[in-house]
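The exercises below ask you to read contacts, cores and strand pairing from a model, and each is followed by a solution that goes step by step. Please work through them with the sequence and the coordinates open.

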Amino acid sequence: MDGRCVDTSCIFGYYFDNQDYMCKQCPGTCISCLDTNECYECAYGYVYHNGMCALCSQINEFTEYNPENKQCQEICGDGVNIGLKECDDGNRVNGDGCDKNCKIENNWACETIDLKDKCHRTDMPTIRHATIDANFTFTFVFSRFITFT
Ligand SMILES: [Ca+2]
């Protein structure tokens with residue numbers, strides 16, 4: 001500028017402003033940018049979305065930050081299934097049809113109604129043991145817990 005050479009390189013987290021001829025800090029939670037509107041990298045916990053760095057919860061309240069791939073993922077265990085998980089029954093417990101990683105377990109089926117999942121077994125119980133006593137009382141022992149409705 002003004003016939004002089006200007007060093008346009010800036011330290012990390014700053015960009016060179018061509019109008020003011022100086023380095024300026026990247027906006028908000030952006031840590032690497034070309035200018036105020038072009039962000040390359042967001043701070044830890046933030047993802048680039050619609051031209052800015054945002055928290056997953058700001059983009060979709062049912063998602064959380066995954067530090068492994070630095071993307072938003074659906075929260076597992078909050079009881080809400082927005083369709084990015086196989087199931088979500090409101091816990092992170094195995095053995096109830098929807099496992100701790102929100103995957104449908106073997107011999108179970110889950111259906112989503114109003115973003116909530118209900119899981120039920122799909123395998124038929126078998127009779128393990130059947131007896132009848134002198135009073136003609138029948139006793140059946142099934143392979144798993146069953147309910148009569
Ligand atoms: Ca579960």
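**Exercise 1: Y15 and the cores**

Determine which residues Y15 is in contact with, leaving aside its neighbours within four places in sequence.

Solution. In this predicted model, once those sequence neighbours are set aside, Y15 is in contact with C10, C23, K24, C26, C33, L34 and D35. The next step is to place Y15 in its wider setting: the largest nonpolar core has 8 residues, namely Y15, C26, C30, C33, C39, C42, Y46 and C53. The elements that contribute two or more residues to this core are β3 (30–35) and β4 (38–42). Another core lies apart from it and has 6 residues, including F62, I75, C98 and C102.

**Exercise 2: The setting of W108**

Decide whether W108 is buried, partly exposed or exposed, and explain why.

Solution. Begin with the location, since W108 belongs to strand β9, which covers residues 108–113. Because W108 has 17 C-beta neighbours inside 10 Å, and a buried residue would need 20 or more whereas an exposed one would have 12 or fewer, W108 counts as partly exposed. Leaving aside neighbours within four places in sequence, its contacts are G97, C119, H120, R121 and T122. Finally, G95 is 13 residues from W108 in sequence, and their C-alpha atoms are 9.6 Å apart.

**Exercise 3: A hairpin**

Establish in which sense strands β7 and β8 pair, parallel or antiparallel.

Solution. Strand β7 (residues 63–66) and strand β8 (residues 71–74) pair in the antiparallel sense over 4 bridges, with Y65 standing opposite C72 in β8. The two strands form a hairpin with 4 residues between them, and K70 in the turn has a positive phi of about 55 degrees.

Key: Residues are numbered from 1 along each chain as its sequence is written. This is a predicted model: local features need pLDDT of at least 70, side-chain atom pairs count only at pLDDT 80 or more; totals for chains, interfaces and linings use all residues. A nonpolar core is a set of buried Ala, Val, Leu, Ile, Met, Phe, Trp, Tyr and Cys residues joined through C-beta atoms within 7 Å. Two residues are in contact if their C-beta atoms, placed from the backbone, lie within 7 Å. Two strands pair if DSSP finds at least two bridges between them.
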